[in-house]
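These entries record what I looked up in one protein structure. I kept them in the order in which I made the searches.

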Amino acid sequence: MKAAELRQMTTEELLNHLNNLKEELFMLRMRKRFEQLPNPLRIRVLRREIARTLTVLRERGIKL
């Protein structure tokens with residue numbers, strides 16, 4: 001998701017989106033420990049998506 005799309009979301013939607021991304025990243029990291037991931041690039045994509053979401057939240061002055 002692009003930053004422009006994230007900026008159109010409400011703060012609550014952003015926080016929910018961030019929680020979902022963090023949960024998915026956690027699950028992928030756990031799976032990585034026990035088996036080979038079908039798409040290991042997904043971890044990098046999730047980390048960048050989390051960073052974009054946090055950037056938009058910080059622009060709005062929301063501290064986490």
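**Entry 1. A salt bridge within one helix.** I began with Arg 52 and Glu 49, whose side chains meet in a salt bridge with an N to O distance of 3.4 Å. The model I am reading is a predicted one. Both residues belong to helix H3, and because they are three residues apart there, about one helical turn separates them. I then asked how far each partner is covered. Arg 52 has a relative accessibility of 35% and counts as partly exposed. Glu 49 has a relative accessible area of 7%, and I noted it as buried because the limit for that word is under 20%.

**Entry 2. A further contact of Glu 49.** I stayed with Glu 49 and looked for other polar atoms around its side chain. The backbone nitrogen of Met 1 lies 3.1 Å from a polar atom of that side chain. Where along the chain is Met 1 placed? I found Met 1 in the segment before helix H1, which covers residues 3-7. Met 1 counts as partly exposed, at 43% relative accessibility. I also compared the position of Met 1 with that of Leu 18: the two are 17 residues apart in sequence, and their C-alpha atoms are 12 Å apart in space.

**Entry 3. The overall plan.** At this point I recorded the elements as a whole. The protein has three helices and zero strands. Read from the N terminus on, the order of elements is α-α-α. The C-alpha trace spans about 40 × 20 × 15 Å along its principal axes. Of the 64 residues in the protein, 27% are buried, and Glu 49 in helix H3 is a buried residue.

**Entry 4. The other salt bridges.** How many salt bridges does a search of the whole structure find? The search gives four. One of them joins Glu 24 and Arg 42, with the closest N and O atoms 3.0 Å apart. Glu 24 lies in helix H2 and Arg 42 in helix H3, so this pair ties together parts that are 18 residues apart in sequence. I checked the exposure of both partners. Glu 24 is partly exposed, with a relative accessible area of 32%, and Arg 42 is also partly exposed, at 30% relative accessibility.

I then turned to Arg 31 and Glu 35, which form a salt bridge with the closest N and O atoms 3.3 Å apart. Arg 31 counts as partly exposed at 35% relative accessibility. Glu 35 is likewise partly exposed, at 42%.

**Entry 5. The loop between H2 and H3.** Having followed a bridge between these two helices, I looked at the loop that lies between them. Pro 40 is placed in this loop. Its relative accessibility is 53%, so Pro 40 counts as exposed, the limit being over 50%. I computed one distance from Pro 40 back along the chain. Leu 28 is twelve residues away from Pro 40 along the chain, and the C-alpha atoms of the two are separated by 8.6 Å.

**Entry 6. Positive charge on the surface.** Which residues gather in a patch of positive charge on the surface? I listed Arg 29, Lys 32, Arg 33, Arg 44, Arg 47 and Arg 48. The patch draws on two helices, since H2 and H3 (41-59) each supply at least two of its residues. I took Arg 33 as an example and found its place in helix H2. Arg 33 counts as exposed, at 71% relative accessibility.

**Entry 7. A nonpolar patch.** My last search concerned nonpolar side chains at the surface. Phe 26, Met 27, Met 30 and Phe 34 make a nonpolar surface patch of about 470 Å². Is Phe 34, one of these residues, buried or exposed? Phe 34 has a relative accessible area of 69% and is therefore exposed. Its place is in helix H2, which covers residues 11-34.

**Entry 8. Summary.** I close with the points I would look up again in the model. Helix H2 supplies residues to the positive patch, as does helix H3. The salt bridge of Glu 24 with Arg 42 ties H2 to H3. Glu 49 is in helix H3, and its side chain meets that of Arg 52 in a salt bridge and has a polar atom 3.1 Å from the backbone nitrogen of Met 1.

Methods:
Residues are numbered from 1 along each chain as its sequence is written. This is a predicted model: local features need pLDDT of at least 70, side-chain atom pairs count only at pLDDT 80 or more; totals for chains, interfaces and linings use all residues. Side-chain values use heavy atoms; hydrogens and water are left out. Patches are made of residues with over 30% relative accessible area and no salt bridge: like charges are joined within 9 Å, nonpolar side chains (Val, Leu, Ile, Met, Phe, Trp, Tyr) within 5 Å. Accessible areas come from the Shrake-Rupley method with a 1.4 Å probe; for residues, only the protein chains shown count as cover. Helices (H or I, at least four residues) and strands (E, at least two) are DSSP runs, numbered from the N terminus. Buried means under 20% relative accessible area, exposed over 50%, partly exposed in between (1.4 Å probe, protein chains only). Lys and Arg count as positive and Asp and Glu as negative; His and the chain ends are not counted. The place of a charge is taken as NZ of Lys, CZ of Arg, CG of Asp or CD of Glu. A polar contact is a pair of N or O atoms within 3.5 Å; within protein, one must be able to donate a hydrogen and the other to accept it, and residues adjacent in sequence count only if both atoms are side-chain atoms.
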